[in-house]
Amino acid sequence: TCSAGDQQTVVIGLAADSGCGKSTFMRRLTSVFGGAAKPPRGGNPDSNTLISDTTTVICLDDYHSLDRTGRKEKGVTALDPRANDFDLMYEQVKALKDGIAVEKPIYNHVTGLLDPPELIKPPKILVIEGLHPMYDSRVRDLLDFSIYLDISNEVKFAWKIQRDMAERGHSLESIKASIEARKPDFDAYIDPQKQFADAVIEVLPTRLIPNDYEGKILRVRLIMREGIEHFNPVYLFDEGSTISWIPCGRKLTCSYPGIRLSCGPETYFGHEVTVLEMDGQFDKLDELIYVESHLSNISTKFYGEITQQILEHSEFPGSNNGTGLFQTIIGLKIRDIYHQIIASKQLSQTQSAKA
Ligand code: ADP
Ligand code: G6P
């Protein structure tokens, strides 16, 4: 069989609840590919799509089948599969993967209505981000790599307060209430997707300070599945060993409560995984190079590329802790996976041409 375009679109799924750092992650990812992604030019100003030379990021909210009023009338949340059109999501992601452009709907977050569709052309890398990229098995099977951002309730609460209270003027009570209201559907439809992810970034409160409820210092775990084609998990010092490392000392400045890294094999939903964990934060961002130089399988193109990426975007949230570090690592991994898929496709084409 032959696809319509001669380029291959690699499809990446990024799942997380809203307000859990998807757009920050996307900015780090597109930066690894060498260019910020921007909204489509001349289109609907409320488009949720981001486009760069290599990458198109589409937001799965665009597949809401019920608009805000429809959801209210039927009493379903945006997290409920009944508010989303998985048939269309599957058809369109499949078409793009096959090299065919689609007219994708737009969910307007300002009005809560479905706007007229926009044309999406097949990119080199298609990222589908949102609440349900791994919910429907047909869509899931189209993904070349999948990521789940697993933000613990404590941290989600701290981030929501920061954004919705400081920037949007919501009250503490209303933020608590909205998290509580989403919880049943979140547990039923969003959270279970993490068992299907190739990589999970778990964000938890620190263990370096007893009873820390502030959610400022984070313990972040990068859970990487073994046995995934084109994906070799990152490790610390020695592959397969269980390592615990406090890098603070002569080469790394740490103020209280310091930094602790660990790495080793674990099981996650019955799968073999490697988990890299970082608790605490960096005082001086350029000293990240010391930690980077002890990590293996990071898919960098040159020595210090992770540190360079972090320094370039030091203003993004999480640059001084494991969230920024692990998001950057996954960005590099996705670049590597993309190049491997393209290389293996070209190889099979030359082989079939010879046969
Ligand atoms: P989403 O796209 O999933 O809605 P954003 O990337 O816009 O999420 O992040 C939402 C808010 O959460 C940000 O404004 C910021 O306050 C907070 N946030 C996100 N990522 C981090 C992080 N790694 N560290 C601290 N705060 C973060
Ligand atoms: C989008 C987000 C959801 C959010 C919804 C708002 O779909 O992805 O996380 O809940 O918008 O829904 P509302 O019913 O409040 O308009």
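## A buried serine in β7

Serine 146 is tucked away from solvent: it counts as buried, with a relative accessible area of 4% (buried means under 20% relative accessible area, exposed over 50% and partly exposed in between, using a 1.4 Å probe and protein chains only). You'll find serine 146 in strand β7; strands are DSSP runs of E with at least two residues, helices are runs of H or I with at least four, and both are numbered from the N terminus. Setting aside neighbours within four places in sequence, serine 146 is in contact with Gly13, Met134, Phe196, Ala197, Asp198 and Ala199, where contact means heavy atoms within 4.5 Å.

A quick word on what you're looking at: this is a predicted model, in which local features need pLDDT of at least 70 and side-chain atom pairs count only at pLDDT 80 or more, while totals for chains, interfaces and linings use all residues. Residues are numbered from 1 along each chain as its sequence is written, chains are lettered from A and ligands numbered from 1 in the order in which they are written, and side-chain values use heavy atoms, leaving out hydrogens and water.

## Helix α6 and its bend

Strand β7 (145–151) turns up again here, since the buried residues of α6 pack against β7 and against α5 (153–165). Those buried residues are Ile175, Ile179, Asp185, Phe186 and Ile190.

Helix α6 covers residues 172–190 and bends by about 40 degrees at lysine 183, with proline 184 following within four residues. The bend is the angle between axes fitted to the seven residues ending at a residue and the seven starting there.

## Around ligand 1

Which residues are closest to ligand 1? They are Gly19, Lys22, Ser23, Thr24 and Thr323, out of 14 residues that surround the ligand (a residue is near a molecule if one of its heavy atoms lies within 4 Å of it). A backbone N or O atom of cysteine 20 lies 3.1 Å from an oxygen atom of ligand 1. On the side-chain front, tryptophan 159 has an N or O atom 3.2 Å from a nitrogen atom of the ligand, and threonine 323 has a polar atom 2.8 Å from a nitrogen atom of ligand 1.

On its own, ligand 1 exposes 560 Å², and the protein buries 84% of that (these areas come from the Shrake-Rupley method with a 1.4 Å probe). Helices α1 (22–32) and α5 are the elements that give two or more residues to the shell.

## Around ligand 2

Ligand 2 sits among Ser18, Asp61, His64, Arg68, Arg71, Ala78, Tyr107, His109, Leu131 and Arg182. Oxygen atoms of ligand 2 have polar side-chain atoms beside them: one from aspartate 61 at 2.8 Å, one from arginine 68 at 2.5 Å and one from arginine 182 at 2.5 Å. Taken alone, ligand 2 has 390 Å² of accessible area, and the protein covers 70% of it.

## Unusual backbone spots

Most residues other than glycine have a negative phi, and most peptide bonds are trans. Histidine 230 has a positive phi of about 70 degrees although it is not a glycine; histidine 230 lies in the loop between β9 (218–225) and β10 (235–236). Asparagine 297, also not a glycine, has a positive phi of about 65 degrees and belongs to the loop between β14 (295–296) and α8 (305–312).

Which peptide bond is cis? It's the one from tyrosine 256 to proline 257, with omega near 5 degrees. Proline 257 is in the loop between β11 (243–245) and β12 (259–268).

Terms used:
A polar contact is a pair of N or O atoms within 3.5 Å; within protein, one must be able to donate a hydrogen and the other to accept it, and residues adjacent in sequence count only if both atoms are side-chain atoms.
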